[in-house]
Structure formats: structure tokens, C-alpha cells
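Work through the exercises below with the sequence and the model in view. Try each task before reading its solution.

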Amino acid sequence: MSDYSASIGNRGLYRLAAGTLLVAFPGTTAPDWVLHELENGLGGVTLFGFNVASPEQLARLTGRLSGTGRPVISLDEEGGDVTRIAYHTGSPYPGNAALGAVDDVELTERVYRSIASDLARSGVNLDMGPVADVNTADDNPVIGTRSFGSSTDLVSRHTVAAVRGLQSLGIAACVKHFPGHGATRQDSHLEIPRVDVPRDLLWERELAPFRAAIDAGTKSIMTAHVAVPHLTGTAPATLSPAALTTLLRQEMGYDGVVISDALDMHAITKSVGLGGGAVLSLAAGSDLLCLGPLPTHEEIRGILDEIIRAVGDGRLPLARLEEAADRVALLREWFAVSRDEAAESNVIGLDAARRAVTLSGSAAPLVDPFVIEVDTPPTIAVGDVPWGVAPWLPEAEIVRIKPDEAQPATLLSRAEGRSLVIVLKDAHRYPRSRDLVSALLAGRPDGVVVEMGLPVWRPEAAAYIATYGAARANTQAAVELLTA
């Protein structure tokens, strides 16, 4: 660490700078450096699937982290495809697309209250959700089933229900991704997507769910690494004072905690770098910086040095750091308020998934089923969460096939005289998946298709089941229809 940041005279400044960071680390136990930095003012941590082995282990981990004070302990628990607590098994809750398909705000609030109960028992105090993006681009590579839908009004009312469900049990909601990621066709993990819409449309469509969440009292909002040309120019909103201060703070009146999306995403690291991104995001109006899983302890210390240098050379006003610290302190005080911890068990997740699943056509009783699962690459946001029908169809022969490697004739031969079930995810985004399914159905028009992503592409089949997600609950609900 530099002499500047380590000097006794700058200890208070170091704590202010450290207080803006949410760090990540590998493994299921807290490294000594994380515990040390928490004692020196670190804002908190963000946990990922690789930090979780079991509910009991997670509770021990968060208890150790909380022993240093009352840090922010956050993770992405959206239900559906994006889960951290159930990363190794799949979520017992359907995701937002399924909840939006049902369109029962009371159900959405109950599901998120149950998620909050799981998080509270695990020692997590901030959920990086719900997703408030209006998914108007069918081929959006990063949002998809994470959104409640393509209707602004629907997304707005379910975002409010999710916020209420989480915060009723003392779990801070973090509504994301401001000012909206639903109209993009690029992945901000890899580049800077553009939301090239006029101000009026941005205000009426993208911003409406965030305004609703602000009115509902959301404790935090997450920025998006998306450029809105008329607002941010070529810069992502995460680094834009026009987006975070002028629009969010002044025009929309939000005074809660603003959290950046992960700064180790390429939209930031490939443009201004970790340290530069941290300084620019704080100056723009962020209060907490999510660093993601990639930065090492050494790189994190470099970020702290860069923040401190920026205060010294005038790029980052000290008052901005103090303002961020004040907002995070208020959030920590809110964490300490005692609340009713009674909540429904996650059986509510299966009930919600059953209400979301739909069946078009008719499925004959299964006979010695042959199941083809069309392999779909996981997105960075979702990670490698298990999916598929095996737990609920133990009597079936199941093969998982990459579309490029599939031999339709061979597969059809293996399925001869048997029920054919084809399971896929987001086929509308993958031409070769569609080609494979079309070839299979040409030979077996009595086949059943189970779409576990967004049901945009609907091939001709004897039966078509749409689940609106690939979580465990969604899959069980689909198999129940097949075997009813």
C-alpha cells in the first residue's frame, strides 16, 4: 500500500474510501485480509455461488463477517435462473418471468418474502434484486427471464411487490439495473451496451419501474453499465453524473444508497480500469462499489489508493465520500431494526411455478420416455447452475446434446417406439437449437417441447410447455404436466 494511504494522518480518509467497497473472495470461509479490512472500515462483501456450500456453512460465514460490525452482506438472489444460495441445486423459486406470466402481485410479494426469510436465516442483509428492467428486446443476452416482462406497468407493479416482500423481513432490496437494461442486445459483462431511445421513451418505459420502486421505499438501486446517448453520451450510466446525480437524485428524488454494478465487468475494466472506474463512479453518485469476483486483495488495495489520490488531487470531492458514508450508515441502522421473521416455507415457490407453466396441445401418456436436453451456454449472470428434468423423470433416458454435435437421425432412431421429449432454453436466441428441434419434430411430430426460457419461438409439436425459467420449481411444474 502507498505511504499516502497508510499514513496516520489519512487513516480517517482510508476508512471513508474502504467504506465504499463491496468486495468478493473465493472459498467458503472468510480470508484474514477480508476480516482485517472490515475492521478498517470496509463497506461489506458480495457473495457468489462459490462461497456457498450449505445453508449452515453460509450462516457460519456471514456470522464471522458480521462479527466485525454491521457490514453490508449481499448476494444476487433473484429466484429462477439467478441464484446464489441454491447455486449448486437450482432455485426452489420461479424467476421474474414466471411471476410476471401469472401477474398476481400478492403472489410475487409472498415469493420474495419467502426469499427474504431464507436470506435472513443465512445472515444476508441485502439482496441485489429485484430486476426492474422492462425486457423489450427478445434477444437480450443478459436479462431475458430475469425480467417480469415487456410491459412497463406489469414490471412496475411486480417490482414494488418484490421490494415489499424483501424489506418486510429486513432484507434491503437493490432494484436493478438503472436506468434500464431491458432494451439492450449486448452483454455489459463483455462490452458497453447502448439504450438508444429518446428521453420521453426512457422516462415512460425504462424509468417507470424505478420511480415505482422509489415510491415504495427501496433501500438501494443498482446502476447499469449501459450507455444512453442522449443522457450519458458514450459513457456507461455507472460512470455518469447526468444519470446518477442529475436524473436519479435530482429529477427522480432518490436519496437511498446507489450501488454500482460489478466494476470487474468488461464495460468498465476495458475502458477506464478498476481504479479509474471506482473514482468516476463515486464522483458520478455511487455510494457502494460492487467489485465482483475477479479483483484480488492487491488490486483492491490499488483501488483504495486511487480513490485516496483522487481526493488529494481534486478529482473526487471529500464531501462526496462523506455523503456516501452517511447513506450507508443509515442503511446499517435500518438493518438493526427488529422485524417479524415469520414467513412461508418455499413451498410457495412450487405453487407459483405451477401457476406460471402453460401447456399448448396435448401430451400423450409417457411411454419409456427419451428426453433430449438441448445444451444452452450459461450466461455470466446466471453461472453454471444445474438444470434439467432428471430429478423428476428418473425412469427416462436423458441425453444432453450440443446442437453443433447432434445427429438428428441417430437421436430419432433411439427414440423409436418411445415418447420423445425435447427440453431447451431460449431457443429464439440460438438458430442451431431451432434447426435441431425442427429436424427432430419433422421426424416425430408427436414430440413434446419444453421451453425453459422465454417462449418466443413456438415450433409445431404435439404439445408445447412453457415454464418461463429453468429453476427447480419450474422444472417440477413442467414434469407434473407431462405425467399427469
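Buried means under 20% relative accessible area, and exposed means over 50%. The model used here is predicted.

**Exercise 1. Decide whether Tyr468 is buried or exposed, and describe its place in the chain.**

Step 1. The relative accessibility of Tyr468 is 17%, so Tyr468 counts as buried.

Step 2. Tyr468 sits in the loop between β14 (463–466) and α19 (472–483).

Step 3. Its backbone has a positive phi of about 65 degrees, although Tyr468 is not a glycine.

Step 4. Tyr468 also belongs to the lining of the second largest cavity, where Gly469, Asp81 and Arg146 are among the other lining residues.

**Exercise 2. Make the same description for Asp426: is it buried or exposed?**

Step 1. Asp426 has a relative accessible area of 16%, which means that it is buried.

Step 2. The loop that holds Asp426 runs between β12 and α18.

Step 3. Phi of Asp426 is near 50 degrees, a positive value in a residue other than glycine.

Step 4. Asp426 is one of the residues nearest the centre of the largest cavity, together with Asp81, Thr379, Val382 and Arg429.

**Exercise 3. State how many cavities of 30 Å³ or more the structure holds, and characterise them.**

Step 1. There are two cavities of 30 Å³ or more.

Step 2. The largest cavity has a volume of about 240 Å³, and 22 residues line it.

Step 3. Sorted by class, that lining has nine nonpolar, seven polar and six charged residues.

Step 4. The second largest cavity holds about 50 Å³ of space. Its lining divides into two nonpolar, six polar and three charged residues.

Step 5. Asp81 is named in the lining of the largest cavity and in that of the second largest cavity.

**Exercise 4. Find which helix gives the most to the lining of the second largest pocket.**

Step 1. The second largest pocket contains about 370 Å³ of space.

Step 2. Its lining is made of 21 residues, and Pro55, Ile85, Ala86, Asp118 and Ser122 lie nearest the centre.

Step 3. Both α4 (55–66) and α6 (105–122) supply at least two residues of this lining.

Step 4. α6 contributes the most, with four residues.

Step 5. By class, the lining has 10 nonpolar, six polar and five charged residues.

**Exercise 5. Explain why strand β12 (residues 420–424) is described as largely enclosed.**

Step 1. Five of the five residues of β12 are buried, so the strand is largely enclosed by the rest of the structure.

Step 2. In a regular strand, side chains alternate between the two faces of the sheet.

Step 3. In β12, Leu420, Ile422 and Leu424 point one way, while Val421 and Val423 point the other way.

Step 4. One partner of β12 is strand β10 (residues 370–374), paired in the parallel sense over four bridges. Here Ile372 stands opposite Ile422, and Glu373 stands opposite Val423.

Step 5. Strand β13 (residues 448–451) also pairs with β12 in the parallel sense, over four bridges. Leu424 has Glu451 as its bridge partner in β13.

Step 6. With helix α18 (residues 431–443) between them, β12 and β13 make a right-handed β-α-β unit.

**Exercise 6. Say which strands stand at the edges of the open sheet, and set this sheet beside the barrel.**

Step 1. The open sheet has six strands in the order β9-β14-β13-β12-β10-β11, and its pairing is mixed.

Step 2. β9 (358–361) and β11 (397–401) stand at the edges; each has a single partner strand, so one side of each lacks a neighbour in the sheet.

Step 3. On average, neighbouring strands of this sheet are turned by 20 degrees against each other, direction ignored.

Step 4. The barrel is closed by eight strands in the order β1-β2-β3-β4-β5-β6-β7-β8, with parallel pairing.

Step 5. One example from the barrel is the parallel pair of β2 (residues 44–47) and β3 (residues 72–75), joined over four bridges. Gly44 stands opposite Val72 in this pair.

**Exercise 7. Locate the cis peptide bond that joins Lys176 to its partner, and the one that ends at Pro179.**

Step 1. Lys176 is joined to His177 by a cis peptide bond with omega of about 5 degrees. His177 lies in strand β5 (residues 172–178).

Step 2. Phe178 and Pro179 are likewise joined by a cis peptide bond, with omega of about 5 degrees.

Step 3. Pro179 is found in the loop between β5 and α8 (199–206).

Definitions and conventions. Residues are numbered from 1 along each chain as its sequence is written. This is a predicted model: local features need pLDDT of at least 70, side-chain atom pairs count only at pLDDT 80 or more; totals for chains, interfaces and linings use all residues. Side-chain values use heavy atoms; hydrogens and water are left out. On a 1 Å grid over the protein atoms alone, a cavity is a set of points where a 1.4 Å probe fits but cannot get out, and a pocket is an open set with protein on both sides within 12 Å along at least five of seven lines; lining residues have an atom within 4 Å of a point. Grid points are joined across faces, edges and corners, and a volume is the space filled by probe spheres set on the points. Ala, Val, Leu, Ile, Met, Phe, Trp, Tyr, Cys and Pro count as nonpolar, Asp, Glu, Lys and Arg as charged, and the others, Gly among them, as polar. Buried means under 20% relative accessible area, exposed over 50%, partly exposed in between (1.4 Å probe, protein chains only). Two strands pair if DSSP finds at least two bridges between them. A crossover is right-handed if, with the strands pointing away from the viewer, the path from the first strand over the helix to the second runs clockwise. Axes are lines fitted to C-alpha atoms, for helices over the stretch in contact, and angles run from 0 to 180 degrees between N-to-C directions.
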